[in-house]
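Hi,

Here is the structure I promised to pass on. Have a look at it first, and then read my notes below.

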Amino acid sequence: MATSRATADDYLSGALSFGFGLDLFAGMAQAASITCPVLVIHGGKDRLTEVSGAHMLHDKVGSSDKTIRIWPEAYHELHNEPEKAEVLTTITDWMTARLP
C-alpha cells in the first residue's frame, strides 16, 4: 500500500469497497470517450491495483494527449512515498505545460 507503515495502517483500518472496484472496471469501457489531456500515474509495487490497469487505461483513453508515468519502487499512495517530491513535480509540470 505504502512504504510508510503508518500510511498502510491508515488504509487497513478502513474498509475498501468492492463496489468501487466494479465501478472503475465498468468505467474502463468509457475510456475511449475521454478526449481531454490525461496523466496516468502508478506505483510499480502497488498491491491494491495492478500496474497493468494503468497501462490499460492509458491505452484505452481516446485523448491524443496522454501520458503515463510509473514509479517502479513506489506503492499505491504515490504522494506519501519517498519519491513524493518527484511525483508532485511530475504532476505540476504536466499540468503547467497544458495551461493556456
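Let me start with one spot in the chain: Cys36 touches Ser63 and Asp65, if you skip residues up to four places away in sequence. Cys36 sits in the loop between α2 and β1 (38-43). Its partner Ser63 is in another loop, the one between α3 (51-60) and β2. Along the sequence Cys36 and Ser63 are 27 residues apart, yet their C-alpha atoms are 5.7 Å apart in space.

Is each of these two residues buried or exposed? Cys36 counts as partly exposed because its relative accessibility is 45%. Ser63 has a relative accessibility of 4%, so it counts as buried. Leaving out residues up to four places away in sequence, Ser63 touches Ile34, Thr35, Cys36, Pro37 and Val38.

Now a step back. Please keep in mind that this is a predicted model. The average pLDDT of the protein is 84, and 74% of the residues score at least 70. Confidence varies between the elements: strand β2 (residues 66-71) has the highest mean pLDDT, 98, while helix α2 (residues 18-28) has the lowest, 60. That makes α2 the element to treat with care when you look around.

As for the layout, the protein has 4 helices and 2 strands. Starting at the N terminus, the order is α-α-β-α-β-α. Of the contacts with a separation of 6 or more, 67% are between residues 24 or more positions apart. Cys36 and Ser63, at 27 residues apart in sequence, are an example of a pair with that kind of separation.

Next, the inside. Of the 100 residues in the protein, 24% are buried. The largest nonpolar core has 5 residues, namely Ala31, Val38, Val40, Ala54 and Val61. Which residues does Val40 touch, not counting those up to four places away in sequence? The list is Ala54, Leu57, His58, Thr67, Ile68 and Arg69. Ala54 is a fellow member of the core.

His58, also on that list, belongs to helix α3. With a relative accessibility of 17%, His58 counts as buried, because the cut-off is under 20%. Besides Val40, His58 touches Lys66, Thr67 and Ile68, again not counting residues up to four places away in sequence.

Arg69, another contact of Val40, has something of its own to show. Arg69 lies over the face of Trp71, 4.1 Å from the ring centre. As for pairs of aromatic rings, the count is 0.

Trp71 turns up again in the contacts of Gly44, which also include Ile70, Pro72 and Ala74, once neighbours within four places in sequence are left aside. You will find Gly44 in the loop between β1 and α3. Gly44 is partly exposed, because its relative accessibility is 36%. Gly44 and Arg69 are 25 residues apart along the chain, and 9.9 Å separates their C-alpha atoms.

One more residue to look up is His76, in the loop between β2 and α4 (84-97). A relative accessible area of 25% is why His76 counts as partly exposed. The C-alpha atoms of His76 and Leu48 are 6.6 Å apart, with their positions 28 residues apart in sequence.

Last, the surface. The protein exposes about 6700 Å², and 61% of that comes from carbon and sulfur atoms.

If you want a place to begin, try Val40: from there you can go to His58 in contact with it, and to Arg69, which leads on to the face of Trp71.

Cheers

How values were computed. Residues are numbered from 1 along each chain as its sequence is written. This is a predicted model: local features need pLDDT of at least 70, side-chain atom pairs count only at pLDDT 80 or more; totals for chains, interfaces and linings use all residues. Side-chain values use heavy atoms; hydrogens and water are left out. A nonpolar core is a set of buried Ala, Val, Leu, Ile, Met, Phe, Trp, Tyr and Cys residues joined through side-chain atoms within 4.5 Å. Buried means under 20% relative accessible area, exposed over 50%, partly exposed in between (1.4 Å probe, protein chains only). Contact means heavy atoms within 4.5 Å. pLDDT is the predictor's confidence in each residue, from 0 to 100. Rings of Phe, Tyr and Trp (its six-membered ring) pair if their centres lie within 6.5 Å; planes under 30 degrees apart count as stacked, over 60 as edge-to-face and the rest as tilted. A charge sits over a ring if NZ of Lys or CZ of Arg is within 6 Å of the ring centre and within 35 degrees of the ring normal. Accessible areas come from the Shrake-Rupley method with a 1.4 Å probe; for residues, only the protein chains shown count as cover.
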